[in-house]
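Here is a short briefing to read alongside the structure. Take a moment to find the cysteines before moving on to the strands and pockets.

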Amino acid sequence: MTNGFSSAGTKQASSQETEKWTGDKALLSEPGSICILGSKGRMGSMLMQEGAAAGFGMAGLDLPMDDLSCLKKARLVILCVPVPAIEEVLHTICPLMPKDAVLADITSVKERPVACMLKCWQGDVVGTHPLFGPMHDTLDDLPVAMVRARCSDTGFAIACCFFSGLGYRLFDTDAETHDKAMARIHNINFVTSLAFCAQTSLDTSLNDFITPSFRRRLAAAKKMLTEDAAMYSYLFEANPHSQQAVRQFSAILSLASAGDIDLLLSKARQWWEDGKN
């Protein structure tokens with residue numbers, strides 16, 4: 001499986017280094033080579049299980065983190081913790097990490113966590129974002145955004161080796177481009193679902209008129225607005241481009257209030273032109 005990297009936005013790992021790490025997982029198979037912080041969370045436990053199944057030397061840390069000895073062997077340390085906890089965790093683990101270790105995270109926002117990692121760790125730093133959750137099928141397309149923040153060719157290839165070794169499809173980006181995209185994908189999906197449900201929830205006169213398509217919309221929004229509401233709310237607030245994305249969406253919505261439905265339909269249908277999506 002190729003990593004699918006382009007040179008745009010980041011310096012690409014040399015083919016020799018990439019080949020070295022992606023071609024020989026044994027280099028990362030020694031116990032403790034890869035350390036997951038937040039190993040009992042949903043994404044952390046997924047990476048632990050899939051990493052072990054793929055033959056990587058996995059070690060996990062979670063609260064209360066009273067034994068940090070596994071950090072001493074780590075070649076790759078991956079933060080699977082909430083964004084507000086990242087700086088405190090880094091102050092705890094960075095003094096114990098080998099100087100040649102690669103530090104990475106998997107959060108859904110990149111500018112803020114990457115800046116924090118760069119401030120707290122003087123070695124290689126890579127921001128990543130798996131664009132899927134822990135409940136996925138192995139046959140699914142599983143993309144991972146890779147942000148090469150400050151990283152040697154070897155360090156970047158180590159991070160690529162792990163994620164590509166799990167069967168994920170990697171693509172390169174930068175932190176700003178990532179966050180602008182997630183403001184329009186994650187955050188607009190969240191805030192429009194929030195507004196839609198808030199607008200209709202207390203109007204009992206609508207109950208007799210609810211259609212199957214309306215119920216499907218409610219079902220799609222339920223987990224986001226109940227179980228995951230705190231996470232999505234924080235990601236909306238932490239992304240510096242959320243408000244601009246809302247303003248852009250409001251401008252598009254104004255076309256509907258002006259009656260320009262045909263124009264909106266022509267734009268929306270481009271998602272499915274030529275067999276796309």
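C151 counts as buried, at 14% relative accessibility. This is a predicted model, and in it C151 belongs to no disulfide, the nearest cysteine sulfur being that of C160 at 8.5 Å. The bullets below begin with the other cysteines and then move on to the strands, the loops, the overall make-up and the pockets.

**Cysteines**

- How many disulfides does the model hold? The count comes to zero.
- C116 is in no disulfide, and its nearest cysteine sulfur, that of C120, is 4.3 Å away. Because a disulfide needs the two sulfur atoms within 2.5 Å, that pair does not qualify.
- C116 is also buried, with a relative accessibility of 12%.
- C80 sits in the loop between β3 and α3 (86–93). With a relative accessible area of 14%, C80 falls under the 20% limit and therefore counts as buried.
- C80 has L37 as a spatial neighbour: their C-alpha atoms are 5.5 Å apart, although 43 residues separate them in sequence.

**Strands β1, β2 and β3**

- In a regular strand, side chains alternate between the two faces of the sheet.
- Strand β1 covers residues 34–37, and both of its faces are covered. I34 and I36 are buried on one side, while C35 and L37 are buried on the other.
- β1 runs parallel to strand β2 (residues 58–61), and four bridges join them. Within this pairing, C35 has A59 as its bridge partner.
- Between these two strands the chain passes through α2, forming a right-handed β-α-β crossover.
- β1 is also joined by four bridges to strand β3 (residues 76–79), again in a parallel arrangement. Here I36 stands opposite I78.

**The loop between β2 and β3**

- Most residues other than glycine have a negative phi, and most peptide bonds are trans.
- Which peptide bond is cis, with omega near 10 degrees? The bond from L63 to P64. P64 lies in the loop between β2 and β3.
- M65 is placed in the loop between β2 and β3 as well. Phi of M65 is positive, near 50 degrees, in a residue other than glycine.
- Is M65 buried or exposed? M65 is buried, at a relative accessible area of 18%.

**An exposed lysine**

- K119 is found in helix α4 (residues 111–120). K119 has a relative accessible area of 53%, which is over the 50% limit, so this lysine counts as exposed.
- The C-alpha atoms of K119 and E87 are separated by 9.3 Å, with these positions 32 residues apart along the chain.

**Overall make-up**

- The protein has 10 helices and seven strands.
- Of its 277 residues, 43% are buried.
- Taken along the principal axes, the C-alpha atoms fill a box of roughly 60 × 45 × 35 Å.

**The largest pocket**

- Rolling a probe the size of a water molecule over the atoms shows where empty space is left.
- The largest pocket holds about 990 Å³ of space. Its lining is made by 32 residues, and R42, M43, S108, M231 and L235 lie nearest the centre.
- Two or more lining residues come from each of α2 (42–53), β5 (124–130), α6 (175–200), α7 (212–225) and α8 (229–238).
- Which element gives the largest share of this lining? That is α8, with five residues.
- By class, the lining of the largest pocket has 20 nonpolar, nine polar and three charged residues.

**The second largest pocket**

- The second largest pocket has a volume of about 760 Å³. There are 17 residues in its lining, and those nearest its centre are R184, I188, F249, I252 and W271.
- The elements giving two or more residues to this lining are α6, α9 (242–257) and α10 (261–268). α9 gives the most, with six residues.
- The lining of the second largest pocket divides into 10 nonpolar, four polar and three charged residues.

How values were computed:
Residues numbered from 1 in each chain as written. Predicted model: local features only at pLDDT ≥ 70, side-chain atom pairs only at ≥ 80, totals over all residues. Heavy atoms only, no water. 1 Å grid on protein atoms, 1.4 Å probe; cavity = no way out; pocket = protein on both sides within 12 Å on 5 of 7 lines; lining within 4 Å. Points joined across faces, edges and corners; volume = space filled by probe spheres on them. Nonpolar A, V, L, I, M, F, W, Y, C, P; charged D, E, K, R; others polar. Buried < 20%, exposed > 50% of the residue type's maximum accessible area, 1.4 Å probe, protein only. Pairing = 2+ DSSP bridges. Right-handed = clockwise from strand over helix to strand, strands pointing away.
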